[in-house]
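Here is a short report on one protein chain. Keep the sequence and the 3D view open while reading.

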Amino acid sequence: MTPNNLKKTPLCAACEAAGGKMVDFHGWLLPVQFDSILAEHKAVREGAGMFDVSHMGQVFVEGPEAWKFLQYVNTNQIKNTPAAGTYSHLTDEQGCIIDDAISFCLTPEKFLVVVNAACIDTDVAWFKKHAAGFDVTITDDSARWGMIALQGPQALAQAANLIEGVQEMPRFAIKEITLFGAPGYVTRTGYTGEDGVEIMASPEAIVKVWDALLQAGVKPCGLGARDVLRLEAGYLLNGVDADGRQTPYEAGCGWVVKLMKENFIGKPALQAQKAAGLRRRLTGFVLTGAGVPRGGCKVFKDGAEVGVLTSGTYSPLFKGIAVGYADMALQEGDAVEIEVHGRKIPAKKTKTPFYKNRV
């Protein structure tokens, strides 16, 4: 696609004005970086950085059986206490991941589900397909919202200049707010391993939020830094670390599967997999030699291929880091080799997250 054919967020012009280098991201025109990836990484780890995440989807699930429906389409136990949010996976009948999403309870009969940008149409179609038999209404409201992720040790202090009471919010909470005369939401989650919030507002209001944060000294950050930060923090990148063929157990997210629930899509398959045991699992690796690992690189132990990477990058904190699916026989600390551009580089298996977050 050419830039003219790509979808643009309400903050696209503001990102370009701030010097953003714009790229195609799943059909959206988004900044890959503003300054350097290293400088943006440093801002989030030590101060505050902000990301345009307006491409994310906002889906409202409403009705007397809204919670019951979300329980059925999610692997995790969805909280139905107002202001509470739950991270979970949507899985198919084989237990494979369709998307990872966060369901926020606004009232027991109204939930806001935030989904990944590349999965909006798929998720909405999946919801509507399985809504039969439930007294619910599914509404894709994504086009009506802009969204900023504000992350870093100073993020809450910066947010407090705009949003009263934000510092008292617990993690994974949602709060209805008014910003520049427009209704909105603030959620306290993140994708960087630092504390922070996501601010949702109308397209007009979100531009004013961006400008206010920019004037306050918050550094704009792009997709490049975001990918390094999320990989350091051990967060799953749907579509890359899970491409529709893996279950939550294989993706290292078994904690989101609550088999004690009465029923949910994929439960029988996940029960069977847990009983049988895994043959492979998403695994962390750190290079002990010089190089930058990337998705698709093969992993070897004693000359035999034992895995393949899904994500890899250069981390300012840990140098070459990566995750990939590897044999369960690998143990923490095992020496392996990762093939990068035909050269085998020494590495070792390690636990994730690489970076222990502060929240």
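## Leu38 and a surface patch

Leu38 sits in helix α2, which covers residues 37-46. The model is a predicted one. Leu38 has a relative accessibility of 49%, so it counts as partly exposed. The cut-off for exposed is over 50%.

Leu38 also belongs to a nonpolar patch on the surface. Its partners there are Val292 and Tyr314. Together the three residues make a patch of about 240 Å².

## The cavity

The structure holds 1 cavity of 30 Å³ or more. The largest cavity encloses about 50 Å³ of space. Rolling a probe the size of a water molecule over the atoms shows where empty space is left.

Which residues line the largest cavity? They are Pro31, Phe51, Asp52, Val53, His55, Cys221, Gly222, Leu223 and Arg226. By type, the lining has 5 nonpolar, 2 polar and 2 charged residues. Strand β4 (49-52) supplies at least two of the lining residues, and so does helix α7 (223-232).

## The second largest pocket

The second largest pocket has a volume of about 240 Å³. It is lined by 16 residues. Closest to its centre are Lys7, Trp28, His55, Ile120 and Ser142. His55 is also named in the lining of the largest cavity.

The lining of this pocket divides into 8 nonpolar, 4 polar and 4 charged residues. At least two lining residues come from β1 (7-8), and at least two from α4 (120-130).

## Salt bridges

How many salt bridges does a search of the whole structure find? The search finds 14. Three pairs and one network are described here.

Take Asp227 and Arg230. Their side chains meet in a salt bridge, at 2.9 Å from N to O. Both residues are in helix α7, 3 residues apart, so about one helical turn separates them. Asp227 is partly exposed, with a relative accessible area of 27%. Arg230 is buried, at 1% relative accessibility. The cut-off for buried is under 20%. Helix α7 also supplies at least two residues to the lining of the largest cavity.

Arg171 and Asp195 form another salt bridge, at 4.0 Å from N to O. This pair links distant parts of the chain, 24 residues apart. Arg171 is in the loop between α5 (155-160) and β11 (174-179). Asp195 is in the loop between β12 (182-187) and β13 (196-201). Is each partner buried or exposed? Arg171 is partly exposed, with a relative accessible area of 30%. Asp195 is buried, with 15%.

Glu65 and Lys68 also meet through their side chains, at 3.7 Å from N to O. Glu65 is partly exposed at 23% relative accessibility. Lys68 is partly exposed too, with a relative accessible area of 48%.

Some charged residues join in a network. Arg45, Glu194 and Glu232 are linked by salt bridges in this way.

## Backbone features

His26 is not a glycine, yet it has a positive phi of about 50°. Its place is the loop between β2 (21-25) and β3 (28-33). His26 is exposed, with a relative accessible area of 53%.

Ala83 also has a positive phi, near 85°. Ala83 lies in the loop between α3 (66-73) and β6 (85-91). Its relative accessible area is 32%, so it is partly exposed.

## Strand β20 and the segment after it

Lys348 lies in strand β20, which spans residues 343-350. At 38% relative accessibility, Lys348 counts as partly exposed. How many Å separate the C-alpha atoms of Lys348 and Asn263? The separation is 39 Å. Along the chain, these two residues are 85 residues apart.

The segment after β20 holds Pro353. A cis peptide bond joins Thr352 to Pro353. Its omega is about 5°.

Methods. Residues are numbered from 1 along each chain as its sequence is written. This is a predicted model: local features need pLDDT of at least 70, side-chain atom pairs count only at pLDDT 80 or more; totals for chains, interfaces and linings use all residues. Side-chain values use heavy atoms; hydrogens and water are left out. Patches are made of residues with over 30% relative accessible area and no salt bridge: like charges are joined within 9 Å, nonpolar side chains (Val, Leu, Ile, Met, Phe, Trp, Tyr) within 5 Å. Accessible areas come from the Shrake-Rupley method with a 1.4 Å probe; for residues, only the protein chains shown count as cover. Helices (H or I, at least four residues) and strands (E, at least two) are DSSP runs, numbered from the N terminus. Buried means under 20% relative accessible area, exposed over 50%, partly exposed in between (1.4 Å probe, protein chains only). On a 1 Å grid over the protein atoms alone, a cavity is a set of points where a 1.4 Å probe fits but cannot get out, and a pocket is an open set with protein on both sides within 12 Å along at least five of seven lines; lining residues have an atom within 4 Å of a point. Grid points are joined across faces, edges and corners, and a volume is the space filled by probe spheres set on the points. Ala, Val, Leu, Ile, Met, Phe, Trp, Tyr, Cys and Pro count as nonpolar, Asp, Glu, Lys and Arg as charged, and the others, Gly among them, as polar.
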